[in-house]
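Work through the exercises below with the sequence and the structure at hand. Try each task before reading its solution.

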Amino acid sequence: MITFQASSSTISNLLLVSCGFLLPTLVLGDCTCERDETKRSDSSAVLHYKLGSIASVLVAGALGVSLPLLSKRIPALNPKNDIFFMVKAFAAGVILATGFVHILPDAYESLTSPCLKENPWGKFPFTGFVAMMSSIGTLMVDSFATGFYHRQHFNPSKQVPADEEIADEHAGHIHVHTHATHGHAHGAPLSSQDSETSEVIRQRIISQVLEIGIVVHSVIIGLSLGTAGSIDTIKPLLVALSFHQFFEGMGLGGCISQAEFESKSTAIMATFFSLTTPIGIAIGMGVSSAYKENSSTALTVEGVFNSASAGILIYMALVDLLAADFMNPRLQKNLKLQLGANMSLLLGSGCMSLLAKWA
């Protein structure tokens, strides 16, 4: 009996000593919320890699956004050609995967970090909420902007009613009756030119809203590379971000080419996209000495902006890019084109998802 008590006491003491050593280790392993200096490499070597990454990402982004813009000179890539549907589906898949696979998980990781206070960040799913609100906000901007441009370009007060024309001249005019709503609509029907103008306006709105979502995300990912202190971290990020910018640029370039902007506006939008990630890297390099990636401010800003960017890109990819093209009668009447577009969508989303393994 005495032996049992002695052994029990010994085991209890051993457990207490073990807990005393293990608990601090577990706590530190969970989240130190401090900069990890052990992984930092030689500053001169890191600087060379960061400067090289600026050049690489700049070239990749410029090349990606420029290729679709050359469609006017390459007949196969003309927006009126069937191949353009597949190219655009591939680009839409890239943008969709960027939102779902790259940005949203990063935003969730930031806003659920143990380095943030439990109240309010641990008591409410802010990631999904911000993404949802940004999607709704994008829908509202999309709707109001489209309505505004339509009212400006197709103002009924500027059109002469058909009844007045018939009163003046009894021939050569159209008197249209619309019985779908059991009423009568008098006026000239929408011409093919007006229809094309409406589509161009729509594409311009899409390309501008899409660029906003991409630019917000591009600055954040550039910042993450610019503040990295280890070559082992920079190398995979450099390769992944170069491909990332190339594919994302193709998606944006496809929308810009359909929007038929003036040459000056097209150049400004393409240049702005190409420069955002390199600028983000440069900003990260400038603040790397004071930047703490696990600080509550950095985690909150990155999480909220990434969530908003994810919501914008997911909405744009599904609603404005994929739904508009996949429900197009031209695509649905051609089985071969429909299969090609679906395969391109899967290929684009698959390639972009694969990059998440490295970045």
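**Exercise 1: A helix and the residue after it**

Helix α8 is followed by E260, a residue with a positive phi, near 55 degrees. The model is predicted.

Task: State where E260 is found and whether E260 is buried, partly exposed or exposed.

Solution.
- Step 1. E260 sits in the loop between α8 and α9.
- Step 2. Its relative accessible area is 47%. Buried means under 20% and exposed means over 50%. E260 is therefore partly exposed.
- Step 3. Most residues other than glycine have a negative phi. E260 is not a glycine, yet its phi is positive.

**Exercise 2: Helix lengths**

Task: Compare the end-to-end distance of α8 with the value expected at 1.5 Å a residue, then do so for α10.

Solution.
- Step 1. The expected span is 1.5 Å times one less than the number of residues.
- Step 2. α8 has 29 residues, and the expected value is 42 Å. From first C-alpha to last, α8 reaches 41 Å, which is close to that value.
- Step 3. α10 covers residues 296-326, 31 residues in total, so its span should be 45 Å. Its end C-alpha atoms lie 43 Å apart, which agrees.
- Step 4. α10 also has a bend of about 30 degrees, at M316.

Task: Is α8 largely enclosed or exposed?

Solution. Of the 29 residues of α8, 22 are buried, so α8 is largely enclosed by the rest of the structure.

**Exercise 3: The whole chain**

Task: Describe the secondary structure of the protein chain and say how much of the chain is buried.

Solution.
- Step 1. The protein chain has 12 helices and 0 strands.
- Step 2. Buried residues are 38% of the 359 residues.
- Step 3. Take the contacts with a separation of 6 or more: 83% of them are between residues 24 or more positions apart.

**Exercise 4: The nonpolar cores**

Task: Which residues have the most contacts inside the largest nonpolar core, and which helix supplies the largest share of this core?

Solution.
- Step 1. The largest nonpolar core has 35 residues, and L210, M316, L321 and F326 have the most contacts inside it.
- Step 2. At least two residues of this core come from each of α3, α7, α8, α9, α10 and α12.
- Step 3. α10 gives the largest share, 10 residues.
- Step 4. Another core lies apart from this one; it has 10 residues, including V57, L225, I234 and I281.
- Step 5. Return to M316, where α10 bends. Leaving out residues up to four places away in sequence, M316 touches T138, I206, V209, L210 and L321.

**Exercise 5: Two packed helices**

Two packed helices are described by the angle between their axes and the distance between the axes.

Task: Give both values for α3 and α5, and name the kind of packing.

Solution.
- Step 1. α3 and α5 pack at about 135 degrees, and their axes are 9 Å apart.
- Step 2. That angle makes α3 oblique to α5.
- Step 3. Where they meet, L104, A107, Y108 and L111 of α3 touch F126, T127 and A131 of α5.

**Exercise 6: Three buried residues**

Task: For H217, T277 and S344, find the helix, the accessibility and the contacts beyond four places in sequence.

Solution.
- Step 1. H217 lies in α7. H217 counts as buried because its relative accessibility is 2%, under the 20% limit. Its contacts are T98, I103, H244, E248, N306 and S309. H217 and A310 are 93 residues apart in sequence, but their C-alpha atoms are 8.2 Å apart in space.
- Step 2. T277 is in α9. With a relative accessible area of 0%, T277 is buried. T277 touches V57, S218, I221, G222 and Q245.
- Step 3. S344 belongs to α12. S344 has a relative accessible area of 13% and is buried. Its contacts are M86, A89 and F90.

**Exercise 7: A peptide bond**

Task: Is the peptide bond from N119 to P120 cis or trans?

Solution.
- Step 1. Omega of this bond is near 15 degrees, and the bond is cis.
- Step 2. Most peptide bonds are trans.
- Step 3. P120 lies in helix α4, residues 118-121.

Methods: Residues numbered from 1 in each chain as written. Predicted model: local features only at pLDDT ≥ 70, side-chain atom pairs only at ≥ 80, totals over all residues. Heavy atoms only, no water. Helix = DSSP H or I, 4+ residues; strand = E, 2+ residues; numbered from the N terminus. Bend = angle between axes of the 7 residues up to and from the residue. Buried < 20%, exposed > 50% of the residue type's maximum accessible area, 1.4 Å probe, protein only. Contact = heavy atoms within 4.5 Å. Core = buried A, V, L, I, M, F, W, Y, C linked by side-chain atoms within 4.5 Å. Axes fitted to C-alpha atoms, helices over the stretch in contact; angles between N-to-C directions. Parallel < 35°, antiparallel > 145°, perpendicular 65-115°, else oblique.
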